[in-house]
Amino acid sequence: MRMSSGKGVVIFTKNSCCLCYAVQILFRDLRVQPTIHEIDNDPDCLEIEKALVRLGCPNAVPAVFVSGKLVGSTNEVMSLHLSGSLVPLIKPYQLFHNYK
């Protein structure tokens, strides 16, 4: 939680994860520059994975937080996007606020 609070959009990822890459691209396409934590580069990788699962992320990565709150993994993020609920959630963090 400490690593995700105080920042707009935070994504926990691994270099080898194609879903992590897809989620990052989605946010960049929506004009959000998320803070990326590549946990496979962190010596505490296993502990971070366990903590993300305990917080409710079914797969440790990608784990997306907005305003310090867990949004979820790929399925939750894509569901929010398809329902039109993701853009209003991230609007304060968009580089340009005129996204429709």
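Two strands are taken to pair if DSSP finds at least two bridges between them. In this predicted model, local features need pLDDT of at least 70 and side-chain atom pairs count only at pLDDT 80 or more, whereas totals for chains, interfaces and linings use all residues. Residues are numbered from 1 along each chain as its sequence is written, and side-chain values use heavy atoms, with hydrogens and water left out.

An open sheet of 4 strands (E runs in DSSP of at least two residues, numbered from the N terminus) has the order β2-β1-β3-β4 and mixed pairing. β2 and β4 (69-72) stand at the edges with a single partner strand each, so one side of each has no neighbour in the sheet. Neighbouring strands are turned by 25° against each other on average, direction ignored; axes are lines fitted to C-alpha atoms, for helices over the stretch in contact, and angles run from 0 to 180 degrees between N-to-C directions. Helix α1 packs on the sheet, touching β1, β2 and β3, and its direction makes about 160° with that of β1; contact means heavy atoms within 4.5 Å. β1 and β2 (residues 35-38) pair in the parallel sense over 4 bridges, and Phe12 has His37 in β2 as its bridge partner.

The largest nonpolar core has 14 residues, and those with the most contacts inside it are Val9, Phe27, Val64, Val77, Leu86 and Ile90. Such a core is a set of buried Ala, Val, Leu, Ile, Met, Phe, Trp, Tyr and Cys residues joined through side-chain atoms within 4.5 Å, buried meaning under 20% relative accessible area (1.4 Å probe, protein chains only).

Methods
Buried means under 20% relative accessible area, exposed over 50%, partly exposed in between (1.4 Å probe, protein chains only).
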